[in-house]
Amino acid sequence: MAFDIFHRHKLTISGTQAQALEMARLRLIWVGMLMMMGYLAIILRMGDLCLLHHKSTAMLMGSGAPAETERPLRASIVDRNGNILAVSLRMASVYADARMVHDPAKLAQELAALLPKQNEADLFKRLSSGKAFVWIQRFITPKQEYAINALGDPAIHFQEEQRRIYPDANLAAQVVGYTDVDSNGIAGIEKFFNKRLAAGGKPLRLTLDVRVQHIMRQDLAAAIKTFHALDGTGLVMDVNTGQIIAMVSLPDFDPNHIGEATNNEKFNRATLADYEMGSTFKTFSIAAGLNSGKVHLSSVFDASHPLHIDQFYIHDFDAKDRPLTIPEIYIYSSNIGTAKMAESLGPDYIRDFYQKLGFMQQAPIEVPERATPLYPSPWREVNTMTAAFGHGIAVSPLHLVRAASAIVNGGILLKPTLVMPDNPDVPPQGTRVISAATSEKMRRLLELVVASGTGAYAWVKGYDVGGKTGTADKNKNGRYENHANISSFLGVFPIWHPRYVVLALLDDPQGTKATHGFSTGGYTAAPVVGDVIARMGPMYGIKPRMYITRDSIEKSMKPYLKEYKEGQALASVSTDH
Amino acid sequence: MRKSTLLWLILTVFCGIALFHTSQKVHDERARLAALNASIAHEKQSIRVLGAEWAYLNNPRRLEMLAKTYLHMAPLSAAQFIRIDDIPLRAAPAAAPAPQTEKIAVKKISPEIQPRKIVALERPVTMKTRKPAPPRIFKKRAAPDGGTATARNFRDVMKSLRLGVE
């Protein structure tokens with residue numbers, strides 16, 4: 001009991017000794033309290049971690065979480081309905097440390113037996129090179145990986161790599177683009193969105209529809225074959241949103257075997273090629289005239305004589321030799337009439353209008369392959385007249401469908417896009433280029449061309465297609481060739497409330513017996529557009545209007561048509577230029 | 001030894017056992033988590049592979065070829081759309097059960113549909129003024145396996161598809 005020094009009652013200490021003991025006691029209490037507080041803090045923190053912060057504890061554990069050190073798989077590219085256009089998969093690649101190889105000849109023989117793509121002599125060369133790292137083959141199948149692993153050679157190693165697969169092969173080859181062997185995008189969407197795709201994550205959703213893309217590609221390929229054309233391109237654009245539904249350029253290639261593709265096949269004609277479009281441009285010059293207020297549907301321009309300016313002659317291919325109204329100029333595709341109308345607007349009006357339509361700069365689109373238009377500088381009077389019927393100015397097919405969308409959608413020029421917007425409810429922003437009233441008049445003119453003019457082969461019963469043919473002489477080294485054409489057809493449907501612009505363009509088509517030897521846009525490109533619309537309309541659930549007939553359309557324009565006779569077509573397809 | 005010491009000793013041993021048990025459990029769970037994460041990664045990779053294969057098999061060109069070969073169907077044409085007003089209504093069955101009209105009604109209308117008294121959508125449509133254009137009909141082609149495929153029901157189609165793949 002003597003040890004119990006703190007038991008007050010058993011001790012009779014007083015004075016300085018008692019004071020010292022009291023102090024020691026106090027100090028012990030302080031130390032004890034400090035310790036208690038420390039423990040309390042630990043207890044509280046543990047309660048906090050266990051009961052309140054489950055998630056942070058899970059993160060602290062760390063080791064069980066998936067390994068994120070590898071490069072993420074490149075994000076997929078899908079079409080507007082979620083069909084995969086490009087996807088990355090993990091595949092094994094096999095390499096060797098040539099310093100560790102004991103018997104290169106034997107190993108080369110064994111590997112060559114397992115890898116049919118490899119040549120034994122070549123493998124031997126690499127395996128006996130003495131280098132620390134030589135590729136044997138990149139992207140092998142799991143079966144091959146298993147078999148090579150079973151060889152048990154210590155010099156052989158595997159590396160997991162990602163490989164880009166394009167399940168639809170050629171379907172949208174130039175638009176989607178392709179990557180190099182290290183999965184870096186080097187063309188098309190793959191290049192434009194390389195950073196976003198390389199970071200992995202959600203698939204990139206394009207506005208393309210593989211079904212429409214397929215239809216356009218099939219019809220265009222058939223037309224190229226029938227008319228022995230060099231190449232061709234086709235576009236379908238939603239006129240109200242600027243979304244590209246289909247973009248085809250032929251010939252094309254299989255991006256899964258990019259090494260075999262030629263530059264001609266890789267060339268995206270829809271966005272990167274400049275063409276003198278010819279008569280389809282009359283759509284824009286006449287829209288400019290109607291929008292200026294100086295020209296009306298009933299305005300008459302004398303097309304009786306060819307025009308002669310400087311050293312140029314402007315003449316019509318199916319000369320009517322009489323004054324023509326605006327609808328007549330348009331459906332007979334009169335160069336003289338269009339040139340005179342353009343002249344009447346003043347020297348800079350057409351140029352400024354084309355500038356507003358975006359014909360003087362690159363069209364904004366999400367691929368790096370964009371064409372810069374070619375136009376005369378300085379712009380002289382003769383340029384106004386030729387540009388009015390689509391000569392002396394060259395733009396890409398994308399420029400053409402973009403501007404045509406603005407002409408028919410009520411007058412708003414939109415930014416063409418290949419990527420689905422995050423929020424589809426936000427209406428796209430655009431700039432007004434013509435009034436709604438002018439747009440309405442242009443739709444009636446476009447309708448008339450297909451109902452009874454040069455675009456007759458694009459007629460689709462029920463869908464009331466509007467459109468304009470174009471046949472331009474091909475310009476080779478500054479000289480126009482008489483027998484080589486760029487034939488195109490620019491279609492719009494349904495014309496009573498336009499939703500889509502469809503363009504087909506063929507380079508140097510040859511006439512056939514069925515077309516009486518003609519290779520004009522009305523004979524070669526218009527049937528492509530007609531067929532695309534006939535197949536696409538029901539697919540998109542667009543209700544046809546079966547009661548609309550060609551004659552009813554002509555009748556509605558009767559006051560402007562001198563040659564109108566009931567039940568008789570106004571112009572033949574062959575006369576187009 | 002005091003009673004309290006014994007109590008503390010028991011408590012300490014108990015805590016020790018509980019702690020060991022918990023730490024073992026955490027260890028096991030961690031291993032399970034790692035395994036699950038690995039299998040999730042594997043499944044994700046499989047999904048990607050299957051997605052790529054699905055896209056490949058659903059290539060529009062291939063689907064079109066298969067549809068032409070095996071199905072008695074063709075793309076829809078605009079002429080196949082009709083307005084609801086253009087569909088002629090079935091003549092109302094006679095109110096009085098007169099034996100003569102009864103006979104005619106039975107002849108024209110199939111017995112299963114008659115009692116329901118609905119608009120006769122199933123009946124072939126006859127338009128008043130114009131004939132609908134006949135749908136495009138594709139020729140039947142021989143199946144890739146050499147047989148003459150006239151598969152009409154879904155199961156047969158699926159069976160023959162499985163043969164056609166690869």
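Start by showing chains A and B together: about 2,200 Å² is buried between them, with carbon and sulfur atoms giving 60% of that area. Keep in mind that you're looking at a predicted model. Select the contact residues next, and you should get 30 from chain A against 22 from chain B.

Now zoom in on Arg535(A) and Glu64(B). Their side chains meet in a salt bridge, 3.0 Å from N to O, and the count between the two chains is one such bridge. Switch on polar contacts across the interface and there are six residue pairs to find, both partners at pLDDT 80 or more.

Colour chain A by secondary structure. On the side that touches chain B, β2, α9 (210-226) and α20 (526-539) each supply at least two residues. The largest share there comes from β2(A), with five residues. Recolour that side of chain A by class and you get 17 nonpolar, six polar and seven charged residues.

Next stop: Arg80(A), in the loop between β1 (77-78) and β2 (84-96) of chain A. What does Arg80(A) have for a salt bridge? None, even though Arg80(A) is buried: the nearest side chain of opposite charge, Asp209(A), sits 5.1 Å away, and a salt bridge needs a nitrogen-to-oxygen distance within 4 Å. Pick the side chain of Gln243(A) instead, and you'll see a polar contact of 3.2 Å to the side chain of Arg80(A).

To finish, show what surrounds this arginine. Beyond its neighbours within four places in sequence, Arg80(A) is in contact with the run Arg205(A), Leu206(A), Thr207(A), Leu208(A) and Asp209(A), and also with Gln243(A), Ile245(A), Met420(A) and Tyr540(A).

Key. Residues numbered from 1 in each chain as written. Chains lettered and ligands numbered in written order. Predicted model: local features only at pLDDT ≥ 70, side-chain atom pairs only at ≥ 80, totals over all residues. Heavy atoms only, no water. Helix = DSSP H or I, 4+ residues; strand = E, 2+ residues; numbered from the N terminus. Buried < 20%, exposed > 50% of the residue type's maximum accessible area, 1.4 Å probe, protein only. Lys, Arg positive; Asp, Glu negative; His and termini not counted. Polar contact = N/O pair within 3.5 Å; in protein donor to acceptor, adjacent residues only side chain to side chain. Contact = heavy atoms within 4.5 Å. Buried area = accessible area lost by both parts, 1.4 Å probe. Nonpolar A, V, L, I, M, F, W, Y, C, P; charged D, E, K, R; others polar.
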